[in-house]
Amino acid sequence: MKRIISRLIIFIGISFLVSCGSLQEKPSVKQGSRPPVNKSTDSGHIKKALYSQFNEWQGVRYQRGGMSQRGIDCSGFVHLTFKSKLGMHLPRTTRMQMMVGKEIRKNDLKAGDLIFFKTGPSSNHVGIYLEKNKFLHASEKKGVTISRLDHVYWQSNYWKSIRI
């Protein structure tokens with residue numbers, strides 16, 4: 001029994017180190033698939049929905065694996081934002097979120113695109129592009145916030161962008 005508990009504790013510890021929200025799951029949006037053009041794909045509607053989400057969640061603390069306003073991680077925030085504000089179901093984890101949609105160039109970012117960062121040897125971070133070099137995310141230090149892509153930290157850790 002002690003061996004099982006020890007292995008469980010080790011497994012849980014390792015899973016938290018891999019990335020924000022690193023549970024395994026199947027992608028729920030097929031790669032390359034795009035929703036039909038409607039108000040949820042309109043840039044103005046998307047920006048309004050994202051700023052609304054920010055107003056509701058601003059400052060909520062970062063909590064690895066969190067999924068509520070008591071604490072949330074980056075991929076959980078992206079998952080809940082797309083579900084509640086855009087009516088789209090994205091996978092829960094950063095690892096799976098980076099597998100949906102189509103990779104785009106940083107210069108082609110539009111509101112609602114996902115932005116991925118490599119923040120450590122085996123960890124990643126995800127946010128949602130807003131406009132004018134700004135993105136919405138759950139930061140480990142600031143909680144839910146808006147940051148700038150041209151900030152030295154985010155600029156040096158930028159990895160790729162995905163359009164759903």
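**Entry 1. Burial of R163**

I began with the term needed for this entry: a residue is counted as buried when its relative accessible area is under 20%. The model I consulted is a predicted one. I looked up R163 and read a relative accessible area of 16%. I therefore recorded R163 as buried, since 16% falls under the 20% limit.

**Entry 2. Surroundings of R163**

I located R163 in strand β8, which covers residues 158–163. I then asked which partners the side chain of R163 reaches. The backbone oxygen of D108 lies at 2.6 Å from this side chain. With the side chain of D113, R163 makes a polar contact of 2.8 Å. I also checked M98, which is 65 residues away from R163 along the chain. The C-alpha atoms of R163 and M98 are nonetheless separated by 9.8 Å.

**Entry 3. The sheet**

I next traced the sheet to which β8 belongs. Six strands make up this open sheet, and I noted their order as β3-β8-β4-β5-β6-β7, with antiparallel pairing. Which strands stand at the edges? I found β3 (102–104) and β7 (143–148) there; each has a single partner strand, so one side of each is left without a neighbour in the sheet. From one strand to the next, I read an average twist of 35°.

I examined one pair of strands in detail. Strand β4 (residues 114–120) and strand β5 (residues 123–131) run antiparallel and are joined by six bridges. Within this pairing, I saw I115 opposite G127 in β5.

**Entry 4. Helices on the sheet**

I then looked up the helices that pack on the sheet. Helix α2 (residues 43–57) touches β5, β6 (134–139) and β7, and its direction makes about 120° with that of β5. Helix α3 (residues 74–86) touches β4, β5, β6 and β7. For the direction of α3 against that of β5, I noted about 40°.

**Entry 5. Nonpolar cores**

I turned last to the nonpolar cores. The largest holds 29 residues, of which I72, F82, L114, V144 and I164 touch the most other members. I listed α2, α3, β4, β5 and β6 as elements that each supply at least two residues of this core. Which element gives the most to this core? I recorded α3, with six residues.

I found a second, separate core of eight residues. Among them I noted F117, F135, L149 and W154.

Technical notes
Residues are numbered from 1 along each chain as its sequence is written. This is a predicted model: local features need pLDDT of at least 70, side-chain atom pairs count only at pLDDT 80 or more; totals for chains, interfaces and linings use all residues. Side-chain values use heavy atoms; hydrogens and water are left out. Two strands pair if DSSP finds at least two bridges between them. Helices (H or I, at least four residues) and strands (E, at least two) are DSSP runs, numbered from the N terminus. Axes are lines fitted to C-alpha atoms, for helices over the stretch in contact, and angles run from 0 to 180 degrees between N-to-C directions. Contact means heavy atoms within 4.5 Å. Buried means under 20% relative accessible area, exposed over 50%, partly exposed in between (1.4 Å probe, protein chains only). A polar contact is a pair of N or O atoms within 3.5 Å; within protein, one must be able to donate a hydrogen and the other to accept it, and residues adjacent in sequence count only if both atoms are side-chain atoms. A nonpolar core is a set of buried Ala, Val, Leu, Ile, Met, Phe, Trp, Tyr and Cys residues joined through side-chain atoms within 4.5 Å.
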